[in-house]
Structures are given as C-alpha cells and as structure tokens.
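Open the model in your viewer and keep the sequence panel visible. This tour goes from whole chains to single residues, one selection at a time.

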Number of protein chains: 2
Amino acid sequence: MKIDIITTGNHVTPESVKNTTVIVIDVLRATSVIISALKNGAKSVVPVTSVEEALETKKKLENVILGGERKAQKIEGFELSNSPLEYGSTAVYDKNVILTTTNGTHAISKSSAANKVYIGALLNARAVSEKVAEGGDDVVIVNSGTNGQFSMDDFIASGAVISEMLSIRDYELSDVAKTALLIYKAHPDFLSYIREARHYKVLMDLGLEEDIRLCLHKDLYDIVPEYKNGIIKLNF
Amino acid sequence: MKIDIITTGNHVTPESVKNTTVIVIDVLRATSVIISALKNGAKSVVPVTSVEEALETKKKLENVILGGERKAQKIEGFELSNSPLEYGSTAVYDKNVILTTTNGTHAISKSSAANKVYIGALLNARAVSEKVAEGGDDVVIVNSGTNGQFSMDDFIASGAVISEMLSIRDYELSDVAKTALLIYKAHPDFLSYIREARHYKVLMDLGLEEDIRLCLHKDLYDIVPEYKNGIIKLNF
C-alpha cells in the first residue's frame, strides 16, 4: 500500500484518485469544522461549492443550518461561519449542516471518484489513520490548499497523519509524502512551521487565534467522517 | 517580487507562468545535462518531447548530435544518453544537441508562455539566482518532477536556488517555496534528503552514482542557459 499527497484540491482529477482511499485535509478550517460538527451531534454535513447551491440545498432538506465562509469570514444570511468553535452541540445537534468554503468543500467534491473519501484533520489524525489501515487501498491525502495553492498547514497535517499511519502498518511513501513526514518530524509543535503560512497570517489578522489553537489540537476527537453521495456522515 | 514553485511539469499552464520569469529545474538530470553541454561548447540545445520529433529536427539542422533517455537509459540510435558526463567538449563542442528526456524537456516547453525561461540546476544555482535578480519579474521555479510526480531532488534544488536568491535581494515566498527552503536548510548536503527519492534509487540501481555526484555539485558552473523560440542557448 502506498501513500501519496496531492497538495491542492485544484490538481485532483478522477484519474488521480481512482481505486484509492482519499483523506481530504483542510486543517484551517473546513475539515476541522466538519469533524467538530459531527462530534457535536450534527446528523450530516452537506458540502456545497457555492452560496447559491447552499440556498437551493436548504430547500430540499429539513432541520438545516447554513455554515461557511468567503475570504475567511461569515457569509451574509448564514447562521455559522467557518469557525469550529461555533459548531457546538447547541448550534448543530441533530441538524443537517450545509457548508460552503473556499477550498475545503471543493476538494471534497473533486475527490468523489475514489473508493472511499474520509475527512481528516489534526483533530482526528490517529482515528483516520486507523480507519484507512482497515482497508487495503492505496491512500491519497488531498490537501485542500489555499486558493489553488500549496498550503503549509495542510502539508504538515498530512505529515502528522502519515506518521500515525506508519505507526500502524508499513506503507510505501511517494516523494511528496516523505517530505511532509520530514516537515512534521522537524516541527512536531506545528506552530513553528505553520506561523510562516500565508493562510495562518490571514486568520491571525482576523483575530482567529482560538480557532487555530483548536485546529492544531492533534487527536482531540476519535471520529472519522465519510463523504458519500454528496453527504458527510459518521455512519452510512 | 515573489517566488513560487510548481512541483511537476504536468501542472504548468500558460496562465501559471504568464508575466513571470521561470527557472526550470530537472536536477537528475536533464537541466544538469543542458548546462554541461553549453558549458562545454555546444552551440545550442534543442529540447524536443519525442524521439520522432528529435529525428525530424535532425533533418532541419546541421552539425547535430542526438541525446536523451527513456526510462533513464540511452535511446536506440542516439549518440548520447542523459548523463552530463557524456557531454564533454569532445562530444558536443560547436554542435547542436537535440535532447529528449522523459520529464525535463516537457517542463521546458510547457513553460514557454513566461517572459523568460532560464535553465537551472545545482550546477548553476548561484548564477541563475543572479540572472533572475537582474529582471523585475516574479519568479516561478518549475520542477520537472518524475513521471508527473513531485520529485525530492528537484524540490531541494529549488530550495538551494531560493537560498541564493534571498542572499541577493528580498523576495516574498509562497508556502511551497518556504517549505523547499526549509528542506534545503535542514539538508545542506543534499544527499541525506535525496537518497530517499524514488528517482535517486532508480539511477543508483542503474549504476549512475557518478552522474548524481556531478549533478549535486552546487555552483560548479557560472553559466545560465536561456530557452527561447524552441532553442536553448547562452546568448541570443
């Protein structure tokens, strides 16, 4: 079994994920939000790629709450932004969360040609590693990236996940997977690397330090959301 | 001025290099070969993407020598393989070298929408850094990669070039550029990182250790080949 990384959602093609299990990572913040929402009792998260699609989807579902961001900030008319801190049980318990973000929700929908698509982040690094080890597929870690670009936060989180995966069983790593692992091993605190990231600076300038702290909390949760037929849930 | 890296030739689009100066790097071995050939007196190097195109181009030029590889080995009927050791002055002086390789020559031709396309490698890291600093463009370092994949050898060479560039003037680095620089700073010997590369192992298995040693010799040469209108030369 092999591990590869695609460093931005833009580069995901059906061919590149065919016959593999994908872990989609958007550590700051979409996949951290999705994991938090489902941990706190949301029934499902429906990732959509536009505000219009969010509003259309709302008409078809019951018990809906709208969340997401554009330029890292809440969308007008939406209840929740893209902060995992807002997705507590009071807000999301038993709800279907319709989520649209700039990078993460695109990366998820582009990965749908894979055998399995799991939602990963530092919050569930160990849990998602155990889940993929159960299957026999090669693994592609899809980094959402930021605006179509490589994003340091997703890259080091991939390294952390790979480190967990290797503690469970052997894998053959591609060159980019080896590089992410090296970066993680050199920066096990995350912040010494991530503070150089462009996206980190954007979030800090918006006063979202608490968000970042939560998103960098490795293995806080033990759940593994799965994306299937357009919906993310804990169990299908 | 900014520095970004595209980690495989496959991801180069006209849009991604428009209005920039590109440095194409295929450290093992195409751009190391091109630099060696021109240093040793070749009149030009003509990069082509197929064996057929090489043979067609030969008919149109005088004083031609054919070089290149498929699966890292010499092509039947060609005079030279893709080893920089073969491109000494006895072989290439005053010749037009027609070169076709699996990764490097593709990456070069895909970069042609840029304002300037320079040929870089560890062999000319300092020289190419000085050259791009003369212009005012943003810089995109195109890694040829290996078979469409991220390749560790090109990545750390990009880090070495970025380190030289920053010693000359300030640049704003993208996340992937910052990461390449970190990798280079953590592995200034190159080999402690590159020996994990898939492509390194392929070359070692073919007994090409001497090639690798030459390709990792930083700043051995002070020349900067340029690609323009389908031809690579030192001066246009």
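To compare copies, they are superposed by least squares on the C-alpha atoms of residues with pLDDT of at least 70 in both. This is a predicted model, in which local features need pLDDT of at least 70, side-chain atom pairs count only at pLDDT 80 or more, and totals for chains, interfaces and linings use all residues. Residues are numbered from 1 along each chain as its sequence is written, chains are lettered from A and ligands numbered from 1 in the order in which they are written, and side-chain values use heavy atoms, with hydrogens and water left out.

**Both chains**

Colour chain A and chain B separately. A turn of 180° with a shift of 0.0 Å along the axis lays chain B on chain A, with an RMSD of 0.0 Å. The two copies are therefore related as by a two-fold rotation axis. The same surface serves both copies, since 100% of the contact residues of chain B recur in chain A. Contact here means heavy atoms within 4.5 Å.

**Chain A as a whole**

Hide chain B and show chain A as a cartoon. Chain A has 11 helices and 11 strands. These are DSSP runs numbered from the N terminus: helices are H or I with at least four residues, and strands are E with at least two.

The C-alpha atoms of chain A fill a box of roughly 45 × 35 × 30 Å along the principal axes. A compact globule of 236 residues would have a radius of gyration near 18 Å, and the 16 Å of chain A agrees with that. The radius is taken over C-alpha atoms, and the globule rule is 2.2 Å times the number of residues to the power 0.38.

Of the 236 residues in chain A, 58% are buried. Buried means under 20% relative accessible area, exposed means over 50%, and partly exposed is in between (1.4 Å probe, protein chains only). Among contacts in chain A between residues at least 6 apart in sequence, 79% join residues at least 24 apart.

**A:Phe150**

Bring chain B back and select A:Phe150, in the loop between strand E8 (138-143) and helix H7 (152-168) of chain A. Is A:Phe150 buried or exposed? A:Phe150 counts as buried because its relative accessibility is 10%.

Which residues is A:Phe150 in contact with, leaving aside its neighbours within four places in sequence? In chain A they are A:Thr7, A:Thr8, A:Phe155 and A:Tyr193; in chain B they are B:Asp175, B:Val176 and B:Thr179. Now add A:Ile6, which is 144 residues from A:Phe150 in sequence and 9.1 Å away in space, C-alpha to C-alpha.

**Backbone details**

Most residues other than glycine have a negative phi, and most peptide bonds are trans. The next stops depart from that pattern.

- Select A:Leu28 and A:Arg29: a cis peptide bond joins them, with omega about 15°. A:Arg29 is in the loop between strand E2 (20-25) and helix H2 (30-39) of chain A.
- Go to chain B: B:Leu28 and B:Arg29 are also joined by a cis peptide bond, with omega about 15°.
- Select A:Asn229, in the loop between strand E10 (226-228) and strand E11 (231-233) of chain A. Its phi is near 50°, a positive value. A:Asn229 counts as exposed because its relative accessibility is 75%.
- Finish at B:Asn19, in the loop between helix H1 (14-17) and E2 of chain B. Phi of B:Asn19 is positive, near 65°. At 52% relative accessibility, B:Asn19 counts as exposed.
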